[in-house]
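Trainee: I am new to this structure and would like a close look at a single part. Please take one strand and follow it outward to whatever surrounds it.

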Amino acid sequence: MIQKKICMVGMFGTGKTSLVQRYVYSMFSQKYHSTVGVKVDRKEVQVDGETVKLLLWDIEGRTAEQDIPATYLKGAHGIVYVVDGTRRETLDQLESIQETARRAAGSVPSVVALNKCDLTAEWKLKDKDETALRRRALHSIQTSAKLGEGVEQVFQWVAAATVNAGLAR
Amino acid sequence: MMEQGRIADDARAGTTAVPARHATKAAPVRIECTGLTHAGRVRSNNEDHFVIASMRKSVDVTDTNVEDREVFSVLQAPSAHLLVVADGVGGRSGGRIASGMAVQTIVQYLSEAVGCYQRMDVNAEHEFLEHLTSAVQQSHDRIQSEFGSQGGPATTVTMVTLVWPRAYFVHAGDSRAYFLRDGRLRQITQDQTMGDLMVDIGVMKEDEARKGGLFDVLASAVGGELSPSVGLVDLQPDDVLMLCTDGLTRHLDDARIASTLAAAPDSASACKSLIDGALQEGGLDNVTVVVARCTPA
């Protein structure tokens, strides 16, 4: 079976763990727990009729005191960047986070989850932000870990992209 | 009274504090580990178990004409450290049997499957993690085959496998793993109790769950409903890793654990101070502590 290591990266509190919880366990936690180190979960998906095992590395978020440890990103086949759409700075930091990830993992398929889209009143992102991401060749999907919106699509997209990238090599 | 003694015999007796010291040299740090357990001041039986083990490649060069024989010495050095605490639950002596069976099965399984931990490319690392998870699953299967899958004894398991600098953990229940870095204590594992689950998913408020005793009911346990969490953290020189059962954390808060770990000159005195602290605060439950200090070599 094909195995793909997918890393969840972003600033602290953007909902990386919640997205994985929703995707793997169909659960949403109301209480915030900050991740220490990496939590590893697995889920099998179908890509073009083939079973792919996703190894989801939910990596502790970047804080003012600590960057994302590059050692966790080594060997990643794909990356899900998670942005909290209600905190503009989590998008502003994306470019430097992307640089950290690129140095550690190389240019691997990546998708941006613009998370917490259920919080419409607090939403800080504009259409032009998504256009800017596209210009940087980053595919983005609005997600709500709370409601499940866009969650399957994010992981299905990255699974397919990593498989296709593998075939292209 | 806390006594020192041989690990196997005294740990089985379960009524004394039992240190198990194990110190090895593995560049660039020296990993020094101690485990200690005590029945507490209220309970007559100790249903906790712990184990500290090292895993190494079994290559012993008995003769060679290679000039630099030192190149082979690395093959004999301990390369991984296994630390496990388990807190049994269940009537009569069931909990004690379950926690003992769990740690035995884990060590036995890993002794047979250990060859993979040296090759750490991405796929091998996941294979290794699968082995660690399988070790816990095996202990679960063994307990259930012995006692049945409904209503039998069960146990928490918190297991850390340290392949410097990476600490891999597999965890079920409400025992805990922490590490101390620069005076800051961080909890690696999350408690898996019904109380935590109900509060997490927003079904209950914390005080309601506490009133209902749900923080004393395990949502995931080896021998019960098993849903282990798996992960890893990279350690740094001077970090201190600690595993414990809830007999410690029901009495000592994070600040006290952190100051005790920071003040102790070695892992043995850290364990003793922590257990003394829990006993001074009432010792309402069995208490087990495993400490690993990662000091620069």
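**Strand β12 of chain B**

Mentor: Strand β2 of chain B, residues 29-38, runs antiparallel to β12(B) and is joined to it by 10 bridges. Strands here are DSSP runs of E with at least two residues, helices are runs of H or I with at least four, and both are numbered from the N terminus. Two strands count as paired if DSSP finds at least two bridges between them. The model is predicted, so local features need pLDDT of at least 70 and side-chain atom pairs count only at pLDDT 80 or more, while totals for chains, interfaces and linings use all residues. Residues are numbered from 1 along each chain as its sequence is written, and chains are lettered from A and ligands numbered from 1 in the order in which they are written.

Within the pairing with β2, B:Cys33 stands opposite B:Ala292 of β12(B). Strand β11 of chain B, residues 240-244, also runs antiparallel to β12(B), with five bridges between them. There, B:Cys244 has B:Val289 as its bridge partner.

β12 itself spans residues 287-296 of chain B, and eight of its 10 residues are buried. Buried means that 20 or more other C-beta atoms lie within 10 Å of the residue's own; 12 or fewer makes a residue exposed, anything in between partly exposed, and the C-beta atoms are placed from the backbone. Over chain B as a whole, 49% of the 297 residues are buried.

B:Val289 deserves a second look. Leaving aside residues up to four places away in sequence, B:Val289 touches B:Leu36, B:Met242, B:Cys244, B:Leu248, B:Cys271, B:Leu274 and B:Ile275. A contact requires the C-beta atoms of two residues, placed from the backbone, to lie within 7 Å. B:Val289 and B:Val84 are the residues with the most contacts inside the largest nonpolar core, which has 120 residues. Such a core is a set of buried Ala, Val, Leu, Ile, Met, Phe, Trp, Tyr and Cys residues joined through C-beta atoms within 7 Å.

For the wider setting, chain B has eight helices and 12 strands. Of the contacts in chain B with a separation of 6 or more, 70% are between residues 24 or more positions apart.

Another strand, β10(B), pairs across chains: strand β2 of chain A, residues 38-47, runs antiparallel to β10(B) and is joined to it by three bridges. In that pairing, A:Val38 has B:Leu232 as its bridge partner.
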